[in-house]
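Subject: The structure we talked about

Hi,

Here is the structure I promised to pass on. Have it open while you read, and I'll walk you through what turned up.

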Amino acid sequence: QVQLVESGGDSVQPGGSLRLSCAAPGYPVVSTCMTWFRQAPGKEREGVATIYTPRHWTREIFYTASVKGRFTISLDIAKNTVYLQMADLKPEDTAVYYCAATGPWRCNSDSWSQQYVYDYWGQGTQVTVST
């Protein structure tokens with residue numbers, strides 16, 4: 001059983017920054033499609049950012065349009081951890097953020113943001129952006 005454990009959620013003011021972590025003990029994140037999703041109250045869960053290495057061995061990273069230039073996804077291979085560095089946070093970024101994982105062959109530029117692609121999910125961490 002793969003366990004994904006998110007942390008780092010907090011309440012911040014607009015313009016602030018946070019770094020979310022998703023630890024996957026014993027699970028090789030370097031050979032996995034790792035994705036951050038978020039779900040705001042009353043809204044559907046949406047893909048935020050993904051990182052994976054497909055068969056041609058060039059690492060791929062995608063972001064949803066609303067976070068491009070503000071969020072950065074990265075891996076710490078030694079720690080089996082994926083991060084989401086969030087900057088210039090806006091009230092509309094308020095949501096529960098989830099980490100998800102699946103095999104890299106299941107991710108591409110279209111599928112990465114689809115929930116059904118993922119086999120494993122974390123429990124979520126709350127991010128609140130308000131004055």
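Let's start with a pair of charged side chains. Glu46 and Arg38 form a salt bridge, with their closest N and O atoms 2.6 Å apart. Before going further, keep in mind that this is a predicted model, and every value below is computed from it.

How exposed are the two partners? Glu46 is partly exposed, because its relative accessible area is 30% and the cut-off for buried is under 20%. Arg38 comes in at 6% relative accessibility, so this residue counts as buried.

Arg38 has another partner too. Its side chain meets that of Asp93 in a salt bridge, at 2.9 Å from N to O. This pair links distant parts of the chain: Arg38 sits in strand S4 (residues 33-39), while Asp93 is in the loop between S8 and strand S9 (95-102), 55 residues apart. Both Arg38 and Asp93 are buried.

Now look at Asp119 and Arg106, whose side chains also meet in a salt bridge (3.1 Å, N to O). Asp119 lies in the loop between S9 and strand S10 (120-121), and Arg106 is in the loop between S9 and S10 as well, so the pair ties together parts 13 residues apart in sequence. Asp119 has 46% relative accessibility and therefore counts as partly exposed. Arg106 is partly exposed as well, with a relative accessible area of 30%.

Back to Arg38 for a moment: salt bridges that share partners join Arg38, Glu46, Arg70 and Asp93 into one network. The count for the structure comes to 5 salt bridges.

Next, the strand that carries Arg38. How many of the 7 residues of S4 are buried? The count is 6, so S4 is largely enclosed by the rest of the structure. S4 pairs with S9 in the antiparallel sense over 7 bridges, and within that pairing Thr35 has Ala100 of S9 as its bridge partner. S4 also pairs with strand S5 (residues 46-52), again antiparallel, over 5 bridges. There, Trp36 stands opposite Ala49 in S5. S4 and S5 make a hairpin with 6 residues between them, and Gly42 in the turn has a positive phi of about 75 degrees. If you are wondering what holds such pairings together, strands of a sheet pair through backbone hydrogen bonds, either parallel or antiparallel.

There is an open sheet to find as well. It is formed by 4 strands in the order S1-S3-S8-S7, with antiparallel pairing. Which strands are at the edges? They are S1 and strand S7 (71-76), and each pairs on one side only. From one strand to the next, the twist averages 15 degrees. Inside this sheet, strand S3 (residues 18-23) and strand S8 (residues 81-86) run antiparallel and are joined by 6 bridges. Try finding Arg19, whose bridge partner in S8 is Gln85.

Glu6 deserves a look of its own. This residue is in strand S1 (residues 5-7). Glu6 is buried, yet has no salt bridge: the nearest side chain of opposite charge is Arg45, 7.6 Å away. A salt bridge needs the two atoms within 4 Å, so that distance rules one out. What does the side chain of Glu6 reach instead? One place is the backbone nitrogen of Cys99, at 2.7 Å, and another is the backbone nitrogen of Gly124, at 2.9 Å. Leaving aside neighbours within four places in sequence, the contacts of Glu6 include Ser21, Cys22, Trp36, Tyr97 and Thr125. You have already met Trp36, the residue opposite Ala49.

Finally, go a little further along the chain to Asp10, in the loop between S1 and strand S2 (11-12). Is Asp10 buried or partly exposed? Its relative accessible area is 44%, so Asp10 is partly exposed. Not counting residues up to four places away in sequence, Asp10 touches Leu18, Gln126, Val127 and Thr128. Asp10 and Val129 are 119 residues apart in sequence, but their C-alpha atoms are 8.5 Å apart in space.

That's the tour. Write back if you get stuck finding any of these.

Cheers

Terms used. Residues numbered from 1 in each chain as written. Predicted model: local features only at pLDDT ≥ 70, side-chain atom pairs only at ≥ 80, totals over all residues. Heavy atoms only, no water. Helix = DSSP H or I, 4+ residues; strand = E, 2+ residues; numbered from the N terminus. Buried < 20%, exposed > 50% of the residue type's maximum accessible area, 1.4 Å probe, protein only. Lys, Arg positive; Asp, Glu negative; His and termini not counted. Polar contact = N/O pair within 3.5 Å; in protein donor to acceptor, adjacent residues only side chain to side chain. Contact = heavy atoms within 4.5 Å. Pairing = 2+ DSSP bridges. Axes fitted to C-alpha atoms, helices over the stretch in contact; angles between N-to-C directions.
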